[in-house]
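I opened the notebook to go through one structure, item by item. These entries record what I looked up, in the order I looked.

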Amino acid sequence: MRKKVIAGNWKMNNDLNESISLIKSIKENLVDRDNVKVIIAPPFTSLDRASQLISDANISLSAQNMCYEDSGAFTGAISASMLKSVGCEYVILGHSERRTLFGENNGDVNKKMKKAISSELTPIFCIGETLEERESGEMKNVIEKQVREGLDGISEAELSGAILAYEPVWAIGTGKVATPDQAQEVHAFIRNLLKELYSENLANNTVIQYGGSVKPENAAELIGQPDIDGALVGGACLKAESFVGIIKNA
Ligand code: PEP
């Protein structure tokens, strides 16, 4: 049985002091649930302290991005080994904000995926269509291309354990959540693609999160769908009450 994974992507929010308060508040309110894994992804500047603060809680640490190079003249970039050295186990890759605001393409995401995997960081690989792509009937082609190119050259053994996150771009930060049926349709499509590209076993064992305006009020119905294995949460993870509310309802 696949675990439910709830991950909070803090984006560019919370300085060090604010990060400490939010983590303390999440810990105070968190209820351990057997089949639910909890991950937080604070900004780089808070990762080291976050790692110390969560060491006695059932919370794992993720970064929001990383560079595919190991070291050297890449001003402003952060490597996989740097993330590991501050306690990260996960890294979010290919988030739509990285793709649209910072020009990352499927090839860049593929290089990052390979580097994360070879560095023993678990990728949370994000894919999703824009509203225009959905409305023009291109949704499945776009998602298939993101999956094929993002995973190009990655073997079944390497991909095993990685997390995928389906995040329709039109639902991110907009309050417009995909209906459970809309999300389920795409999750089943992605799982089927994994079966085609790899195997039934990998497809059945891969966690596919939904992301896009998830809140405590809509979490249960979304995560209750057969192919939705948790949530990647943006806005609602910035308050302990709503983040923990989603975990409780997962
Ligand atoms: C996200 O950025 O990954 C996200 C899902 O954001 P929000 O929950 O705010 O839509």
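**Entry 1: salt bridges**

I counted the salt bridges first, and the total is 13. The model is a predicted one, and I kept that in mind for every entry.

I started with Asp-70 and Lys-115, whose side chains form a salt bridge with an N to O distance of 2.9 Å. Asp-70 sits in the loop between strand 3 (60-63) and helix 3 (80-85), while Lys-115 belongs to helix 5 (residues 106-118), so this pair ties together parts 45 residues apart in sequence. I also checked the accessibility of Lys-115: the value is 18%, and buried means under 20%, so Lys-115 counts as buried.

Next I looked up Arg-148 and Glu-196, which are joined by a salt bridge of 3.4 Å, N to O. Arg-148 is in helix 7 (residues 139-150) and Glu-196 is in helix 9 (residues 180-197), so I noted a link between distant parts of the chain, 48 residues apart. Are these two residues buried or exposed? Arg-148 has 37% relative accessibility and is partly exposed. Glu-196 has 55% and counts as exposed.

My third pair was Arg-191 and Asp-227, with a salt bridge of 2.6 Å, N to O. This pair also links distant parts of the chain, 36 residues apart: Arg-191 is in helix 9, and Asp-227 is in the loop between helix 11 (216-223) and strand 8 (230-233). Arg-191 and Asp-227 are both buried. I then found that the pair belongs to a network of salt bridges, in which Arg-191 and Asp-227 are linked with Arg-2 and Asp-229.

**Entry 2: nonpolar cores**

Which residues touch the most other members of the largest nonpolar core? I found that they are Ile-6 and Ile-26, in a core of 68 residues. Helix 9 supplies the largest share of this core, with six residues. I had met helix 9 already, as the place of Arg-191. There is also a second core, separate from the largest, with twelve residues. I wrote down Val-5, Ile-124, Ile-163 and Val-207 as being among them.

**Entry 3: two residues of helix 2**

I picked Ser-46, which lies in helix 2 (residues 44-53). The relative accessibility of Ser-46 is 1%, so I entered this residue as buried. What does the side chain of Ser-46 make a polar contact with? The partner is the side chain of Ser-19, at 2.7 Å. I then listed the contacts of Ser-46, leaving aside neighbours within four places in sequence, and got Asn-14, Asp-15, Leu-16 and Ser-19.

Asp-48 is in helix 2 as well. I entered Asp-48 as partly exposed because the relative accessibility is 41%, whereas Ser-46 is buried. I also checked the spacing of Asp-48 and Gly-87: they are 39 residues apart in sequence, and their C-alpha atoms are 6.9 Å apart in space.

**Entry 4: the largest pocket**

Last, I looked for empty space. Rolling a probe the size of a water molecule over the atoms shows where such space is left. The largest pocket has a volume of about 400 Å³. How many residues line the largest pocket? I noted 13, and those nearest the centre are Lys-11, Met-12, Gln-64, Arg-98 and Phe-102. Helix 4 (residues 96-101) gives the most to the lining, with three residues.

Definitions and conventions: Residues numbered from 1 in each chain as written. Predicted model: local features only at pLDDT ≥ 70, side-chain atom pairs only at ≥ 80, totals over all residues. Heavy atoms only, no water. Salt bridge = Lys/Arg side-chain N within 4 Å of Asp/Glu carboxyl O. Helix = DSSP H or I, 4+ residues; strand = E, 2+ residues; numbered from the N terminus. Buried < 20%, exposed > 50% of the residue type's maximum accessible area, 1.4 Å probe, protein only. Core = buried A, V, L, I, M, F, W, Y, C linked by side-chain atoms within 4.5 Å. Polar contact = N/O pair within 3.5 Å; in protein donor to acceptor, adjacent residues only side chain to side chain. Contact = heavy atoms within 4.5 Å. 1 Å grid on protein atoms, 1.4 Å probe; cavity = no way out; pocket = protein on both sides within 12 Å on 5 of 7 lines; lining within 4 Å. Points joined across faces, edges and corners; volume = space filled by probe spheres on them.
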